[in-house]
Amino acid sequence: MNVSLNWLKDYVDIPDSPREFSEAMTMSGTKVEGYEELGEKLHGIVVGKILSVVPHPDSDHMVICQVEVGGERPLQIVTGAQNVKEGDLVPCCTDGALLPDGKTIKTGKLRGVLSEGMLCSLGELGLTVHDFPYAIENGIFILEEDCKPGDDIRDVLGMRDTDVEFELTFNRPDCLSYLGIAREAAATFHTPLRLHEPVVKGISDGENISEHLQVEVRSPELCPRYTARYVRNVKIEPSPLWMRIKLRNAGIRPINNIVDITNYVMLEYGQPMHAFDAGYIGSGKIVVRTAQNGESITTLDGAEHPLTPEMLCIADGDKPVALAGIMGGLNSEILDTTTAVVFESANFARESIRKTSRAVNLRTESSAKFEKGLPACNTLPAIQRACELVELLGAGEVVDGIIDICNTDIGTRKVRFDWERVNGLLGTSLTASEMAELLKPLGLIWDGKDGLIVSPYRNDIINTADIAEEVVRLYGFDRIEATRFKGEATEGGENPEQKFRTLIDRTMTGLGFHETYTYSFVSPKDLDKICLPADSPLRDQLTIRNPLGEDTSVMRTHALPSILGVVSHNAAHRVKSAKFYENETLYFKDGDLSKEEKTLAFAFYGDGDFYDLKGYVEALLHALNISGVRFAAQGDLPYFHPGRCADLLCGDDKIGTIGQIHPNVAKNYDLDAPVYAALLELKALRRNAEQDKKYHPLPVYQSMERDIALLCDDDMEAGEVCDLIRGYAGKSLVDVFAFDVYKGKGIAEGKKSLAIRLVFRMNDRTMTDEEADSGVNKVLRKLENEKGITLRS
């Protein structure tokens, strides 16, 4: 919202300093984004009077003028313009004058004749014929204003002003007007507000609007209020200078008196208006309705727009003549031949205006205001003001009678006023009367008891919190004393779950992995890329109602596609090796709701193999204080290599799965190098993590190691053999692990050789060789007798 301070001063007294005004308004809640002092780019341009005009001796198209500019002597100025004559008053640039385009005028010679300045045209002053219709576009601007030589041209033409840009919040449509800003300024500076009640005299010959016009609102939910008046004997001519100046300084181009009146009222009251040429309303009836299939309209900008049944339009009974709240139709435009006008001042549903504006790709000053949700109470005062201006400008005769169809409540509302609660929220100690005085300029009137009468243009005032906001911004944030927070002291920090995730992050980072963040919105085709079966329950995904596209149309149910997408992206950019991890959220249907599960996914390529992957997992489990985990072969998952995949089991609890990505899946992601990945459920990890760590002193006595080679069935897992040995060996066995697997020459079909290392230690003394050998023999006997596993000879 841009506001001319000169115009604003018609309603309220404000400081002369734009900076002081802007800072005070911002502190009181009406934020000023910035301001521009109009006319600053004009300097050294004054009114000059032509004393004489003689031909240039060396040019057939230039003349030499003697110009009085209020100084000690006239200036000699050479010009090529042919429309100046003796006695004319013109804008004159003196030596060193500055023009709006940044050009500086200096004294010089033209064809050998001294020229001490320049005579200006409209364009050189940054003006057009719309600003001064009596002027010519190509030629020197001959002034007809009341002025004298030497007057500053900015004062003569009303170009000295300050334009302030306000950044208004969406809940304050009442401030989209000069009256609204004036109310805020009056409350901020504690000065009286000068409001004018429009007075329309009308004509006294008995003629009534009902003889010319009828209005029917068929869509009251989209048009809560529609007000109309009729003006006859219209005289289309330029607006007076004072109106043209106000419109120009507010950023509106003057056109003619009728159109300028509607724009003037829109700025003053914040109520968009439209003027129809009554001659084009052939049926004599305005119908507010939604468009019909196949209808179209050509708007004032000359563009044709096809209409749909969701769009609200203004029709003359047969055809649309305006897009409601957006722009009028070309067939109802005010022309120089217009003799009768219908003024429309209506209130439209903001959702309807927004949708229609977007559908036809047409956004106007009017639609921008309606989209904010304007109060319906303004339509009648605005149309009365327009008719008052018609009479003031002599632009026509206002016919008696007003058509006002109102389908909404436009009265005041009563909101509970709990002033003690307001003090409690703000930490202030104001009385109810003091608060009432602060709120009164805003149209919020205390009833003397427990109620606040709210004006209909303040739809944002609903409860005590809203009242508190108004009180504190007018009382002054800087006047509230600083106090300590009340209540028990609280200690910040991470909760147990956050600490667990932080430990995972630190461990993975320490292992050389980079954390990634990917979208939870994915493509349903991602599950095809990991070769998931068509009947998998993971394909029953949550669908997004308004997705940005198919690639982000569902919520992910599997963690692998996201981390593989990161790997593929880096491999495609010639990163030779990399390691990534992510704490991914998965989403699953749960009746009418959804549930979320967290999965730790990590993957690497280019440097390492399956055993490195196993090592990373074991390092993570150790850091998380998870013990007793065994690796069980897994060959049924379509996205992992069937011979290089294992489930992680802690007892009967499955923690996750690790393995090499299946070659077919890798091909789908354009990955040539082997990729290894792990998918670990965070809940299972935390469930099996021991909260308290136990202290184990460093061993005092040395250990005894024994390596054995065992023959077992090919399908028996090394981990299973190690578990059997732990159960057979007794307490002196402190560690056991497989370090080699051999199949081939010397090994029978269906068998394999496992190289196992057993580590023994006593806590109270040094273990002897005989005791270590006895422990090994005990293990070998039990393996052979119970499982058929023998020592390889």
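**Cores, pockets and selected residues**

In this predicted model, Phe21 touches Leu5, Leu8, Ile14, Pro15, Val164, Phe166, Ala185 and Phe189, leaving aside residues up to four places away in sequence. Phe21 also belongs to the largest nonpolar core, which has 50 residues. Within that core, the residues that touch the most other members are Leu8, Phe21, Phe166, Tyr178, Ile258, Ile261 and Phe343. A second, separate core holds 41 residues. Among them are Ile203, Leu222, Ala278 and Ile297. In soluble globular proteins, nonpolar side chains tend to be buried together.

Leu179 sits in helix α4, which spans residues 178–189. The relative accessible area of Leu179 is 11%, under the 20% limit, so this residue is buried. Its contacts, beyond residues up to four places away in sequence, are Tyr11, Leu195, Glu268 and Tyr269. Leu179 can also be placed relative to Leu8, a member of the largest nonpolar core. The two leucines, Leu179 and Leu8, are 171 residues apart in sequence. In space, their C-alpha atoms are 8.2 Å apart.

Two residues other than glycine were noted for their backbone angles. Most residues other than glycine have a negative phi. Arg111 has a positive phi, near 55 degrees. Arg111 lies in the loop between β8 (108–110) and β9 (113–115). Its relative accessibility is 49%, which falls between the 20% and 50% limits, so Arg111 counts as partly exposed. His190 also has a positive phi, near 55 degrees. The loop that holds His190 runs between α4 and β12 (214–217). At 60% relative accessibility, over the 50% limit, His190 counts as exposed.

The largest pocket encloses about 2,000 Å³ of space. Its lining comprises 47 residues. Of these, Lys614, Glu618, Val629, Phe631 and Gly719 lie nearest the centre of the pocket. Two or more lining residues come from each of α16 (610–623), β32, β33, α19 (718–729) and β37 (733–742). Strand β37 gives the most, with 8 residues. By class, the lining of the largest pocket has 20 nonpolar, 18 charged and 9 polar residues.

The second largest pocket holds about 800 Å³ of space. It is lined by 33 residues. Closest to its centre are Val259, Asn263, His274, Leu300 and Met327. Several elements give two or more residues to this lining: α6 (257–269), β14 (273–277), β19 (320–323), β20 (327–328), β21 (341–347) and α8 (365–370). Helix α6 supplies the largest share, 4 residues. The lining of the second largest pocket divides into 18 nonpolar, 10 polar and 5 charged residues.

Strands β32 and β33, which both contribute to the lining of the largest pocket, also flank Gln634. This residue is found in the loop between β32 (629–633) and β33 (640–650). Gln634 has a relative accessibility of 13%, under the 20% limit, and therefore counts as buried. Its side chain reaches the backbone nitrogen of Asp636 at 2.8 Å. A second polar contact, of 2.9 Å, joins the side chains of Gln634 and Asp647. Apart from residues up to four places away in sequence, Gln634 touches Pro642, Cys645, Ala646 and Asp647.

The search for enclosed space found 1 cavity of 30 Å³ or more. The largest cavity holds about 50 Å³ of space. Its lining is made up of Val522, Ser523, Asp526, Leu527, Gln541, Arg556, Thr557, His558, Pro561 and Ser562. Helices α14 (526–529) and α15 (560–572) each supply at least two of these residues. The lining of the largest cavity divides into 5 polar, 3 nonpolar and 2 charged residues.

Note on methods:
Residues numbered from 1 in each chain as written. Predicted model: local features only at pLDDT ≥ 70, side-chain atom pairs only at ≥ 80, totals over all residues. Heavy atoms only, no water. Buried < 20%, exposed > 50% of the residue type's maximum accessible area, 1.4 Å probe, protein only. Polar contact = N/O pair within 3.5 Å; in protein donor to acceptor, adjacent residues only side chain to side chain. Contact = heavy atoms within 4.5 Å. 1 Å grid on protein atoms, 1.4 Å probe; cavity = no way out; pocket = protein on both sides within 12 Å on 5 of 7 lines; lining within 4 Å. Points joined across faces, edges and corners; volume = space filled by probe spheres on them. Nonpolar A, V, L, I, M, F, W, Y, C, P; charged D, E, K, R; others polar. Core = buried A, V, L, I, M, F, W, Y, C linked by side-chain atoms within 4.5 Å.
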